[in-house]
Amino acid sequence: MSDALLKLSGLKKAYRGKPALRGIDFEVRPNEIFALLGPTGAGKSSTIQAAAGLLDLDAGQVMLDGRDVTDIDPACRDLSIVFEGFNLLPVLNVYDNIAFALRSPSYREDEAEIRKRVHATAELLRIAHHLDRDVGTLSGGEKQRVAIARALVRRPCMFLLDEPLSALDLKLREGLRSELRQIHRDQNSTILYATHDYHGAISIADRIGIINQGRILQSGTIEEIFARPANVFVGRLIGSPAMAFFDAEVEGDQVQIKGCDQTLPAAPFGLSGRTDGAMQLGVWPEDIHVTDGNSGANSASVYAVDNRGYECAVQIDFGTGLFRKVLDEGQTLKQGETCGFRISEGAGFLFDQASGACLSHQHEGAAR
Amino acid sequence: MAKVELKNLSVEFGAFKAVDDVSLTVEDGEFAVYLGPSGCGKTTTLRAVAGLQNATQGDILFDGERVNDQSPSERNIAMVFQFVSLYPHLNIRENIIFPLKARGMPNAEIARKLDWVVGIFNLGDELKRYPGALPPGTTQKVSLARAVVRDPAVLLLDEPLSAIDEQFREEMRWELGHLQRELGVTTIYVTHDQREAMSLADRIVLMNNSKIVQVADPQSIFFNPNSEFAGNFIGSPSMNFIDLSPVANGFRLGESKAVLPTEAVPEAVRGAARPIRLGVRPRDVQLLAGPGTVRVDLPIEDVFSVGRERYFTFRLGDEIAQGVDARTRRDADTAINLRPEGLMFFDAQTGQRIAANGAVL
C-alpha cells in the first residue's frame with residue numbers, strides 16, 4: 001500500500017556471516033501501533049535499528065513517509081527511539097535528559113519553548129515532580145518514563161520502541177502500557193513496538209507482525225491472525241492458551257487424529273495441493289470442548305491446573321501430547337482426574353508436518 | 001516432608017527491618033507462595049527458613065522442632081535459585097545424583113532414586129547430555145530434580161522461573177505445578193509474579209514493606225482482597241481504583257461528573273465517616289447491561305481488541321480506567337455497567353477494605 005508511513009522491504013543483515021534479518025517486509029500505517037512480536041533472537045531489535053538507521057544493511061530498502069531513507073543519516077530521519085535499557089544520560093538531571101533532544105544541533109529550539117515542552121511532556125508522563133532529580137536516584141519505572149518523555153518531547157513523525165517495558169515488573173509494565181496507548185490516542189502518533197510478550201503486544205497494538213529467525217511470518221490484526229494462522233509457529237505464539245496441536249493423518253475424506261477416537265471430515269479444511277498423508281492439526285483451545293469424566297469423544301486426563309482468578313485453565317494429557325484450555329465458567333477439574341474432550345467440527349487448521357505451513361484454506365479472509 | 005512454622009519471625013539489617021514479625025504455618029505437603037514487590041522481605045524470609053540468614057527474633061520450627069540454631073545442611077532443606085547452578089562439567093545424570101554421592105549413598109539406592117526422579121521429571125532422554133546443551137527451561141528442571149532426589153523435608157524455590165525466557169517460563173510454570181503435586185513435598189516458593197502465584201499456590205502469602213498483608217488461597221485473595229494493595233497486586237488487567245465523593249443522588253466517581261447511585265454502596269459503607277475508594281476489576285466493568293448491573297453514564301474513550309475479547313477505557317477526570325467486554329461490535333457507548341458483586345470499597349486513607357457490613361477487614 002502506498003499510504004504506509006514506514007515501509008521496510010527485503011531487509012537483510014548478517015552479523016559475522018550469521019544471518020539476523022533474512023528479508024524483512026512489512027509496513028506501518030499512519031497513526032497505528034504496530035507490534036513486532038517474536039522470541040529472543042528473532043530479529044526485532046535489528047529491524048528497529050534498521051528502521052532508525054543505526055544498522056548498515058546488507059540489502060533492502062527503508063521508506064519513511066514516501067521518501068527512501070535507506071542511506072540517510074539517523075539524525076535526519078525524524079524518528080525517536082526508546083530502548084529497553086533506558087539509555088539515560090547519567091550526568092544530566094531529569095529535565096536536561098528530556099530537553100537533550102531539543103537542544104541537539106538538528107532540532108535546536110529556544111529555551112522558552114524547550115521549557116514549555118519539557119513541562120508539558122513531564123506532566124503527561126507524571127514525572128513533573130521529578131524534573132530536578134538526578135536520574136541515578138529514580139526507580140526503574142520512573143527511568144523508563146523519562147526515556148519515553150525524551151522521545152515524546154520531540155514530536156517526530158514516528159516512534160520506535162524496542163522492548164520498552166521488558167525491564168520493568170509486571171504491574172508497572174501493565175500500567176505504563178495503557179498509559180502509552182492513551183498518549184498514542186491523544187497525540188495521534190505512529191508507533192513501531194517490538195516485544196517478546198504476547199499479552200503485551202495484543203493489549204497495545206492495532207496490528208501485529210510475527211517475526212522469527214529474521215523473517216516476518218505473518219502480519220495483520222489479531223482477529224485476522226486468529227482467523228488464519230500462517231503456520232505452526234504462529235499458532236504456538238498466539239492465544240492464551242496457545243493453539244493445541246495433534247498429529248493427524250488425512251485418509252480419503254476423513255482426518256484421523258493420533259491418540260484420539262474422534263475423526264473429522266476433511267472437506268471443511270479446504271486442503272489444496274497435498275490432500276492426504278501425515279499432517280499436524282492445530283485447533284484453538286476455544287474450539288475444544290472439555291467434559292468431566294469419560295463423556296467426551298476422546299478420553300484424556302488433567303495434567304495440571306492453572307487458576308487465574310475469573311477463569312481456570314487446565315493442561316490436558318491425551319496420551320500422545322498435551323494441550324491447554326480455559327474451562328467454561330463453573331467447570332472445575334483437578335490434577336490427575338480423567339476427562340473427555342471433543343474438537344468442534346469445522347474448526348481447526350491442517351499444517352504441513354515438515355515446513356509447518358498452513359495447508360487449510362477455510363476461514364480465508366474471514367475475521368472472527 | 002515437614003510442617004514449617006514461623007513464629008513472630010523478624011530479620012533486621014542494622015536499623016532496617018527486612019522481615020517484621022511474620023507468623024505463618026505451612027502445612028505438610030503444602031505449596032505456599034510468598035508474593036510481593038521487590039524489597040518486601042519475601043526472599044529474606046525464605047533465606048531464614050533455609051538457615052542462610054539468621055533470625056533476629058522469633059522461631060522457625062520444622063515439624064515442631066526449633067531449627068534456628070541448625071546449619072542449612074542439618075535442616076534437610078533443598079533450595080533452587082533464580083539462576084541455574086548446575087555443574088557444567090558433569091552430565092545431567094551426574095548432576096542429579098551429586099547430592100546422593102556426596103552423602104555416600106550405596107549405588108543400588110542411588111540407581112533407584114535416579115530412576116524415580118527421572119521418571120517423574122521426564123528427563124530420560126537428557127541424562128547423557130551436558131547442561132550447556134539444554135534449553136533454559138530444561139536446565140531449571142534438572143536443578144529441581146537434583147533438589148528433590150534426596151527427599152528434602154522442605155523445598156525452597158527463590159524465583160526459579162524469572163531468569164527464563166517468556167516462552168519457556170509458561171511451559172515451566174505448568175510443569176512445576178504438576179510436579180509439586182506429584183511429589184507432595186512441602187514447598188515454599190518466592191516470586192514477584194502474581195500469575196505464577198495464582199497458578200501454583202495452595203496458599204498465597206502476600207507481603208509488602210516487610211510484613212504479611214494477606215494469607216489466603218488464590219481464589220479467596222482474588223475475590224476477597226483485604227486491602228487496596230492486595231486488590232491491586234493480584235489480577236491482570238489491574239483493578240481500577242476510583243475515589244468516591246458524596247453528592248445528592250450518590251457518589252461522584254473521581255474527578256468526573258459520573259455518579260454511582262447511592263444504592264450501589266452498602267448502607268454500612270455509606271455510613272463510614274471516612275473517605276471511600278471504590279475498587280472494581282475491569283472484568284466487572286462492562287459495556288452491556290446484565291442482570292443487576294449498575295449503570296453509570298460516562299463516555300467511553302477507546303475500545304480495542306485483545307484477541308478474543310475487547311478492552312475499553314473510560315476517563316474519570318485525569319484518570320483512565322479500564323473495562324473488559326466480550327462484544328465484537330462497538331456502538332455509540334455512553335455508559336458503563338458495573339457488576340454489583342465486583343464492587344469493593346476501601347478506606348481511602350489506610351487502604352483497608354471495608355466489608356459490606358461496615359467492618360474493616
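Which residues does A35(A) touch, not counting residues up to four places away in sequence? The legends below begin with this residue. The model is predicted, so that local features need pLDDT of at least 70 and side-chain atom pairs count only at pLDDT 80 or more, while totals for chains, interfaces and linings use all residues. Residues are numbered from 1 along each chain as its sequence is written, chains are lettered from A and ligands numbered from 1 in the order in which they are written, and side-chain values use heavy atoms, with hydrogens and water left out.

**View 1. Surroundings of A35(A) in strand 3 of chain A.** Leaving aside residues up to four places away in sequence, A35(A) touches Y193(A), A201(A), A205(A), R207(A), I208(A) and G209(A), where contact means heavy atoms within 4.5 Å. Strand 3 of chain A covers residues 33-37; helices (H or I, at least four residues) and strands (E, at least two) are DSSP runs, numbered from the N terminus. A35(A) counts as buried because its relative accessibility is 0%, the term buried standing for under 20% relative accessible area, exposed for over 50% and partly exposed for what lies in between (1.4 Å probe, protein chains only). Although A35(A) and A201(A) are 166 residues apart along the chain, their C-alpha atoms are separated by 5.8 Å.

**View 2. Surroundings of T191(B) in strand 8 of chain B.** T191(B) belongs to the strand formed by residues 186-191, and it counts as buried because its relative accessibility is 1%. When residues up to four places away in sequence are not counted, T191(B) touches V33(B), Y34(B), L35(B), G36(B), K42(B), E159(B), E196(B) and A197(B).

**View 3. Aromatic pairs in chains A and B, with F323(A) and F341(A) and with F31(B) and Y189(B).** Over all chains the structure holds 17 aromatic pairs; rings of Phe, Tyr and Trp (its six-membered ring) pair if their centres lie within 6.5 Å, and planes under 30 degrees apart count as stacked, over 60 as edge-to-face and the rest as tilted. One of these pairs joins F323(A) and F341(A) in an edge-to-face arrangement, with 5.1 Å from centre to centre and 70° between the planes. Because F323(A) lies in strand 18 (residues 322-326) and F341(A) in strand 19 (residues 338-343) of chain A, this pair ties together parts that are 18 residues apart in sequence. F323(A) counts as buried at 2% relative accessibility, and F341(A) counts as buried at 0%. In chain B, F31(B) and Y189(B) form a tilted pair, for which the centres are 5.7 Å apart and the planes enclose 55°. F31(B) lies in strand 3 (residues 31-35) and Y189(B) in strand 8 of chain B, so this pair ties together parts that are 158 residues apart in sequence. F31(B) is buried at 0% relative accessibility, and Y189(B) is likewise buried at 0%. Returning to chain A, F246(A), F318(A), F323(A) and F341(A) form one aromatic cluster.

**View 4. Charged side chains over the rings of F245(A) and W116(B).** R236(A) lies over the face of F245(A), at 4.6 Å from the ring centre, and the charged end of K113(B) sits over the ring of W116(B), 5.8 Å from its centre. A charge sits over a ring if NZ of Lys or CZ of Arg is within 6 Å of the ring centre and within 35 degrees of the ring normal.

**View 5. Cis peptide bonds before P241(A) and P237(B).** Most residues other than glycine have a negative phi, and most peptide bonds are trans. In chain A, a cis peptide bond with omega of about 0° joins S240(A) and P241(A), and P241(A) lies in the loop between helix 8 (232-237) and strand 11 (244-251). In chain B, the peptide bond from S236(B) to P237(B) is cis, with omega near 0°, and P237(B) is placed in the loop between helix 8 (228-233) and strand 11 (240-247).

**View 6. Positive phi angles at N8(B) and D151(B).** N8(B), although not a glycine, has a positive phi of about 45°; it lies in strand 1 (residues 4-13) of chain B and counts as partly exposed at 44% relative accessibility. D151(B), also not a glycine, has a positive phi of about 50°. D151(B) is found in the loop between helix 4 (136-148) and strand 7 (154-158) of chain B, and its relative accessible area of 42% makes it partly exposed.
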